[in-house]
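Here are some comments on the model you sent, set out as numbered points. Please read them with the structure open beside you.

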Amino acid sequence: MGYRNTTLYTLKYVAEMLEDEDVLHDCSIGMFSEDGRLSAFDSFPASELSEPIVIFTEDGIDNLRHIINVRREMGDAPPKPATKAEGSEQ
């Protein structure tokens, strides 16, 4: 049995790497656990009214990148944000 990464990343964390939280949330709605999107609850007992914390595996982050790129190609996502280095050139 090979090494298996068990690190999970919150939506907020992934948004700092990739894109705006709202865009990521919208892109991830159709993802399932096998796609690398999971939900966690921070209070007990969890109910239908509890707000889940959206978390991703590393495969989930890769899947999000793919979904965002496909949506951009279709014109259905905001343009890629400029990096800080690109934005500082004048």
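1. I begin inside the sheet, where Ser39 stands opposite Val54 in strand 3. That pair belongs to the contact between strand 2 and strand 3, two strands that run antiparallel and are joined by four bridges. As a reminder for what follows, strands of a sheet pair through backbone hydrogen bonds, either parallel or antiparallel. Please keep in mind throughout that this is a predicted model.

2. On the other side of the sheet, strand 1 and strand 3 (residues 53–56) also run antiparallel, and two bridges join them. Here Tyr9 has Phe56 in strand 3 as its bridge partner. Helix 3 (residues 58–73) packs on the sheet, where it touches strand 1 and strand 3, and its direction makes about 90° with that of strand 3.

3. Taken as a whole, the sheet is open, has three strands in the order 1-3-2, and pairs them in antiparallel fashion. Strand 1 (9–10) and strand 2 (37–40) are the edge strands, since each of them pairs on one side only.

4. How do these strands fit into the chain? The protein chain has four helices and three strands, and along the sequence these elements follow the pattern β-α-α-β-β-α-α. Among the contacts in the protein chain with a separation of 6 or more, 57% are made by residues 24 or more positions apart.

5. The packing of helix 2 (residues 21–28) against helix 3 deserves a separate comment. Two packed helices are described by the angle between their axes and the distance between the axes. For helix 2 and helix 3, the axes come within 10 Å and cross at roughly 95°. An angle from 65 to 115 degrees counts as roughly perpendicular, and helix 2 and helix 3 are therefore roughly perpendicular to each other.

6. Which residues meet where helix 2 and helix 3 are in contact? From helix 2 these are Leu24, Asp26, Cys27 and Ser28, and from helix 3 they are Leu64, Ile67, Ile68 and Arg71. Sorted by class, this contact of helix 2 with helix 3 has five nonpolar, one polar and two charged residues.

7. Asp22 also has its place in helix 2. Is Asp22 buried or exposed? Its relative accessible area is 60%, and exposed means over 50%, so Asp22 counts as exposed. Asp22 and Leu11 are 11 residues apart in sequence, and their C-alpha atoms are 9.5 Å apart in space.

8. The loop between strand 2 and strand 3 is worth inspecting in the viewer, and Ser50 is found there. With a relative accessible area of 16%, Ser50 falls under the 20% limit and is therefore buried. Leaving aside neighbours within four places in sequence, Ser50 is in contact with Phe41, Ser43 and Pro45.

9. Pro45, one of those contacts of Ser50, likewise has its place in the loop between strand 2 and strand 3. Most peptide bonds are trans. The bond that joins Phe44 and Pro45, however, is a cis peptide bond, with omega at about -5°.

10. Finally, two totals describe the chain as a whole. Of its 90 residues, 24% count as buried. The accessible surface of the protein chain comes to about 7,100 Å², and 52% of that surface belongs to carbon and sulfur atoms.

Conventions:
Residues numbered from 1 in each chain as written. Predicted model: local features only at pLDDT ≥ 70, side-chain atom pairs only at ≥ 80, totals over all residues. Heavy atoms only, no water. Buried < 20%, exposed > 50% of the residue type's maximum accessible area, 1.4 Å probe, protein only. Contact = heavy atoms within 4.5 Å. Areas by Shrake-Rupley, 256 points an atom, 1.4 Å probe, with all protein chains shown as cover. Pairing = 2+ DSSP bridges. Axes fitted to C-alpha atoms, helices over the stretch in contact; angles between N-to-C directions. Parallel < 35°, antiparallel > 145°, perpendicular 65-115°, else oblique. Nonpolar A, V, L, I, M, F, W, Y, C, P; charged D, E, K, R; others polar.
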